[in-house]
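Hi there,

Here is the structure I promised to pass on to you. Have a look first, and then read my notes below.

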Amino acid sequence: MPVQLSNDQLTRVANEFGTPVYIYHAEKIQEQYQKLKTAFQKSDARFYYAAKALTNINVLRYIHSLGAGVDCSSINEVKLALYSGFHPSEVLYTANGIAFSEIEEAQSLGVKINIDSLSNLEKFGKRFAHSYPVGIRLRPNIMAGGNLKISTGHDKSKFGIPVGKIDQIVSLKNQYNLCISNLHIHTGSDIDDADVFIRGIEVLFEIIPSFEELQSVDLGGGFKVPYKKEDKELDIFRLGEKVFAMFEKYEKAGGRKLQIWFEPGKFLVSQCGYFVTTVNVLKETSATTFAGVNSGFNHLIRPMFYDAYHYIENISNPGGALKKYSVVGNICETDTFAWERELNEIREGDYLVFFNAGAYGFEMSSNFNSRFKPAEVMIKDGNAFLIRKRDEFDDLLEKQVKVF
Ligand SMILES: Cc1ncc(COP(=O)(O)O)c(C=O)c1O
């Protein structure tokens with residue numbers, strides 16, 4: 001039986017808490033985490049959940065309870081992770097383009113750090129020398145990921161220190177007696193090809209000998225999950241076998257024993273999430289029939305931002321005749337969730353559910369058009385818990401200062 005929420009469960013939550021509402025299914029996160037553990041059981045692998053995908057503290061606490069660490073992309077994510085119960089040793093801070101003061105703050109909090117520029121590496125050397133082990137984020141010059149906006153390892157990417165600058169990295173290491181404990185790469189998101197990771201490991205194997213104190217290599221996240229029914233998913237078990245074989249061979253040839261880290265975001269929380277909206281208006285036009293829902297790209301930006309596909313279902317009329325609809329939002333710009341999508345007949349008031357809404361859904365939402373951010377609900381052991389209240393009017397005013 002696939003671990004997923006039924007139409008009845010989703011409808012009950014929507015009736016109780018109103019819409020639009022994000023719903024997360026704890027057992028699905030657990031299932032995904034278990035897959036990772038199984039796939040990499042032969043290796044000394046650690047998983048640092050990429051918190052940027054979804055930072056609700058209840059989700060963080062739940063993922064911590066499963067045994068994962070957490071990867072953060074800002075100092076505030078680091079603080080949320082610590083607040084949620086992660087020990088500093090379980091927290092990794094992989095930032096890019098940040099002020100050195102944030103690195104100093106992360107160091108004072110005792111978390112692991114991956115540095116992504118030569119200038120910050122030099123500042124780190126001057127300030128901490130050998131006293132605080134540190135990781136380096138490299139740009140391996142590998143093109144990967146679902147689209148250019150989510151490709152991060154290619155030769156025009158802003159992320160990481162280009163691997164071609166290895167001599168400068170080593171010379172800074174020697175100059176300041178840096179303790180380089182981790183090498184990190186993250187080539188992109190929505191990666192469906194295990195060989196991308198293999199190529200990344202090959203790049204790392206070339207340079208590992210330059211780092212005598214290395215403890216781990218961090219291969220980032222990006223495991224593709226299916227958004228469309230026919231989507232190819234990254235074969236995590238095949239990847240697990242390949243990674244194990246590579247490191248086993250490397251060790252047999254005299255290489256050092258290293259931990260292998262991953263930073264999965266979507267893999268852990270994409271499929272656990274459902275975004276339920278209500279149809280406000282139906283509008284027949286010569287081009288299409290619009291189904292306008294009580295949401296927009298202010299709540300789920302992925303379709304407009306990345307052309308991302310989200311599977312949609314009309315859970316209020318699952319037996320209705322199939323017809324084509326264009327599902328749109330209610331904000332003041334074009335915000336098309338789906339164009340000419342075949343859906344069961346829609347009536348005003350029906351609930352439309354967007355699947356795979358856990359990762360980068362609520363997290364990228366905003367108050368554009370002065371609309372409220374949705375509520376978030378978590379379902380665990382069959383019970384629904386409100387884990388974030390829907391905004392109220394006062395929230396829109398809270399940080400504004402009435403001067404004039
Ligand atoms: C450094 C880093 N690690 C991990 C991730 C997680 O990627 P995904 O959600 O595709 O697994 C990201 C995504 O942007 C990232 O930038």
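How many bridges join strand 14 to strand 15? Six bridges join them, and the two strands (residues 336-344 for strand 15) run antiparallel. Strands here are DSSP runs of E with at least two residues, and helices are runs of H or I with at least four, both numbered from the N terminus. Two strands pair if DSSP finds at least two bridges between them.

Before going on, please note that this is a predicted model: local features need pLDDT of at least 70, side-chain atom pairs count only at pLDDT 80 or more, and totals for chains, interfaces and linings use all residues. Residues are numbered from 1 along each chain as its sequence is written.

Back to strand 14: lysine 324 has glutamate 342 in strand 15 as its bridge partner. Strand 14 (residues 322-328) also pairs with strand 12 (residues 289-293), in the parallel sense over three bridges. There, valine 327 of strand 14 stands opposite alanine 291.

Now to helix 6 (residues 118-128), where Asn120, Leu121 and Phe124 are buried (20 or more other C-beta atoms within 10 Å of their own, against 12 or fewer for exposed and partly exposed in between, with C-beta atoms placed from the backbone). Why are these three on the same side of helix 6? Because they cover an arc of only 105 degrees around the axis, taken from the directions from the helix axis to the C-beta atoms. Ser119 and Lys126, on the other side of helix 6, are exposed. Just after helix 6, alanine 129 takes a positive phi of about 45 degrees.

Enjoy exploring!
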